Amino acid sequence: MLLRQSDSSGWVLKALRECSNIVVRELSMLSEDELLHSPGEGDWCLKEIAAHLRDAEELALRQMNTITEGTRRPLPAWDIDLLPAERDYRATDLGDVVSELRELRQETTYLLWGLDDEDWQDGADHPYRGRVTIETLARELAQHDLEHLAEMRRLKVALDADDPP
């Protein structure tokens, strides 16, 4: 499922709120072995995906806050895809990751709910992408959630297939 440009900001907010709740549900009641199962060399496990979502949320929130503060500095940027290799996500406590993700998502949605339509068009310069608006960041974050939620569900289906009754 793709988020179209014509989707309202309310729909994007709903997607952000609901997707984070679904991610939490998808991860609940899984053993540590299930959370650490990786389908192949270089593929992320469920725990790594959760930590990646948290990192993406943190970056998007920092970028949105930079825009709303009205500073003229470039948006913060780092490669969140490299962080799993730099940090030991597999040893991270999933409860901490989920708690941090929920707190960050709450901050993000509170920020976005407080904006009017004009504010959604405010932007700042990204060091690699040029000018980026709050609307673009919010839509990309929601799309990112959906992509990784689908990946999590595929991993869980594969777990079920590997574990016969």
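**Fold, cores and a buried aspartate**

Among contacts in the chain between residues at least 6 apart in sequence, 73% link residues at least 24 apart. That figure, like the rest here, comes from a predicted model. As for what the chain is built from, there are 6 helices and 2 strands, and reading along the sequence gives the pattern α-α-α-α-α-β-β-α. The radius of gyration works out at 17 Å, close to the 15 Å that the globule rule gives for 165 residues, so the chain is as compact as a globular protein of that length. Laid along its principal axes, the C-alpha trace spans about 55 × 30 × 25 Å.

Now for the inside and the outside. Of the 165 residues, 44% count as buried. The accessible surface adds up to about 9300 Å², and carbon and sulfur atoms account for 49% of that. On the charge side, the chain carries 19 positive and 36 negative charges, yet the mean positions of the two sets sit 4 Å apart.

In soluble globular proteins, nonpolar side chains tend to be buried together. Here, the largest nonpolar core takes in 26 residues, and those with the most contacts inside it are Val-23, Leu-27, Leu-46 and Met-152. At least two residues of this core come from each of helix 1 (9-27), helix 3 (46-69), helix 5 (94-113) and helix 6 (134-162). Helix 3 is the top contributor, giving 7 residues. Leu-27 shows how the pieces meet: with residues up to four places away in sequence left out, Leu-27 touches Leu-35, Leu-46, Ala-50, Leu-94, Val-98 and Met-152. Apart from this core lies another one, of 21 residues, and its members include Leu-13, Ile-67, Ile-134 and Ala-138.

Then there is Asp-145, which belongs to helix 6. With a relative accessible area of 5%, Asp-145 falls under the 20% cut-off, so it counts as buried. What does Asp-145 contact, once neighbours within four places in sequence are set aside? The list is Leu-16, Cys-19, Leu-53 and Arg-105. By the numbering of the helices, Leu-16 and Cys-19 fall in helix 1 (9-27), Leu-53 in helix 3 (46-69) and Arg-105 in helix 5 (94-113). These contacts of Asp-145 thus run to helices that each supply at least two residues of the largest nonpolar core.

Note on methods:
Residues numbered from 1 in each chain as written. Predicted model: local features only at pLDDT ≥ 70, side-chain atom pairs only at ≥ 80, totals over all residues. Heavy atoms only, no water. Core = buried A, V, L, I, M, F, W, Y, C linked by side-chain atoms within 4.5 Å. Buried < 20%, exposed > 50% of the residue type's maximum accessible area, 1.4 Å probe, protein only. Helix = DSSP H or I, 4+ residues; strand = E, 2+ residues; numbered from the N terminus. Contact = heavy atoms within 4.5 Å. Rg over C-alpha atoms; globule rule 2.2 N^0.38 Å. Areas by Shrake-Rupley, 256 points an atom, 1.4 Å probe, with all protein chains shown as cover. Lys, Arg positive; Asp, Glu negative; His and termini not counted. Charge placed at Lys NZ, Arg CZ, Asp CG, Glu CD.
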